[in-house]
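The following explanation leads the reader through one protein chain, from its overall layout to individual side chains. Please keep the sequence and the structure at hand while reading.

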Amino acid sequence: MVCDCVHKELTFTFFHLFLQSKKRGLSLEEKREKMLQIFYDSQSFYLLKELEKLGPKKGVITQSVKDVVQSLVDDDLVSKDKIGTSVYFWSLPSCAGNQLRNVSRKLDSDLQSSKKRHAELVDQCNALKKGREESDEREEALEELKAIELKYNELKEEMGQYADNDPAAFEAMRNAIEVAHAAANRWTDNIFTLRQWCSNNFPHAKEQLEHVYFEAGITDDFDYLESSPVPLSAVVDKIPESSP
């Protein structure tokens, strides 16, 4: 008989523990409410380590207290400040109420602004629709516009084939050649000046200098470039046979 009672008692205990293990944990919002209640009930200041001891008494495990409190701080429901080397947390019902009212007023203002902007966009949309009602005349105009755009793209593509023969492009190329020619001769003049300076100041090193000149590509035939205009035939030869 005694064994049966003990067995029943152990069975009930294990069953109770099993139900406790299956108990649903608190959601984040429930944890926030529990931690806020700690502040509201005491209306005191706390260190984080103190809150980590009080949290489990409200059903918030120690490992979650820091994240829960930080989420309250981020939402301005809990105040945080560093005093000396310690960080204190606190929250008063009156302060939280004011903060929530400020948030509510801001949300109401944003809502009104959004409604006003929506009404403006609806009016603009309706104004743009005027004169664009579906009709046979509108359909014909759209078809004509489509045909014109197609023809424009074809002509634009055809013009691109003759871009290299554009007089403006040829003139730009000729100007670029003149600039390059002047720059090349300017550097040639600089090289001649430098060679003369070296010869005057280092006459005993003539052979070494000549070797350096040769290595740099400055040979006996090195001289100024003569200007020669681009022959028109070089451009005409590029014109396609189909060009008029």
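The paragraphs below treat the layout, the sheet, the loops, the nonpolar residues, the charged pairs and the cysteines.

The model is a predicted one. Its chain contains nine helices and three strands. Followed along the sequence, these elements give the pattern α-α-β-α-α-β-β-α-α-α-α-α. The chain has 244 residues, of which 14% count as buried.

The strands are a convenient place to begin. They form an open sheet of three strands in the order β1-β3-β2, with antiparallel pairing. The edge strands are β1 and β2, each of which pairs on one side only. Strand β2 covers residues 79-83 and strand β3 residues 86-90; the two run antiparallel and are joined by five bridges. Two examples show the register: Lys82 has Val87 in β3 as its bridge partner, and Ile83 is partnered by Ser86 of β3. Together β2 and β3 make a hairpin with two residues between the strands. In that turn, Gly84 has a positive phi of about 70°. On the other side of the sheet order, β1 and β3 pair in the antiparallel sense over two bridges. Here Leu47 stands opposite Tyr88 in β3.

Positive phi values also occur in residues other than glycine. Gln43 has a phi near 50° although it is not a glycine, and its place is the loop between α2 (28-42) and β1 (46-47). Asp76, likewise not a glycine, has a positive phi of about 60°. This residue lies in the loop between α4 (62-74) and β2. With a relative accessible area of 47%, Asp76 is partly exposed.

The nonpolar residues come next. In soluble globular proteins, nonpolar side chains tend to be buried together. Which residues have the most contacts inside the largest nonpolar core? They are Met35, Leu51, Val69, Val78 and Phe89, in a core of 15 residues. The elements that give two or more residues to this core are α2 and α4. Helix α4 gives the most, with five residues.

Nonpolar side chains also appear at the surface. Leu194, Trp197 and Phe202 make a nonpolar surface patch of about 320 Å². Of these residues, Trp197 is found in helix α7, which spans residues 167-201. Trp197 has a relative accessibility of 48% and therefore counts as partly exposed.

Attention now turns to the charged side chains. Side chains of opposite charge can pair when their charged atoms come close. The structure holds seven salt bridges. One of them joins the side chains of Glu29 and Arg32, with an N to O distance of 3.4 Å. Because Glu29 and Arg32 are three residues apart in helix α2, they are separated by about one helical turn. Are these two partners buried or exposed? Glu29, at 44% relative accessibility, counts as partly exposed, whereas Arg32 is buried, with a relative accessible area of 9%. A network of salt bridges links Glu29, Arg32 and Asp75.

A second salt bridge within a helix is formed by Asp110 and Lys106, whose closest N and O atoms are 3.1 Å apart. Both residues lie in helix α5 (residues 93-129), four residues apart, which is about one turn of the helix. Asp110 has a relative accessibility of 36% and counts as partly exposed, while Lys106 has 54% and counts as exposed.

Another salt bridge connects two helices. Glu210 and Arg195 form this pair, and their closest N and O atoms are 3.9 Å apart. Glu210 lies in helix α8 (residues 206-215) and Arg195 in helix α7, so the pair ties together parts that are 15 residues apart in sequence. Glu210 is partly exposed, with a relative accessible area of 36%. Arg195 also counts as partly exposed, at 22% relative accessibility; buried would require a value under 20%.

The cysteines complete the description. A disulfide is a covalent bond between the sulfur atoms of two cysteines. With a cut-off of 2.5 Å between cysteine sulfur atoms, the count comes to zero disulfides. Cys125 is partly exposed, with a relative accessible area of 36%, whereas Cys198 is buried at 12%.

Key. Residues are numbered from 1 along each chain as its sequence is written. This is a predicted model: local features need pLDDT of at least 70, side-chain atom pairs count only at pLDDT 80 or more; totals for chains, interfaces and linings use all residues. Side-chain values use heavy atoms; hydrogens and water are left out. Patches are made of residues with over 30% relative accessible area and no salt bridge: like charges are joined within 9 Å, nonpolar side chains (Val, Leu, Ile, Met, Phe, Trp, Tyr) within 5 Å. Accessible areas come from the Shrake-Rupley method with a 1.4 Å probe; for residues, only the protein chains shown count as cover. A salt bridge is a side-chain nitrogen of Lys or Arg within 4 Å of a carboxyl oxygen of Asp or Glu. Buried means under 20% relative accessible area, exposed over 50%, partly exposed in between (1.4 Å probe, protein chains only). Two strands pair if DSSP finds at least two bridges between them. A nonpolar core is a set of buried Ala, Val, Leu, Ile, Met, Phe, Trp, Tyr and Cys residues joined through side-chain atoms within 4.5 Å.
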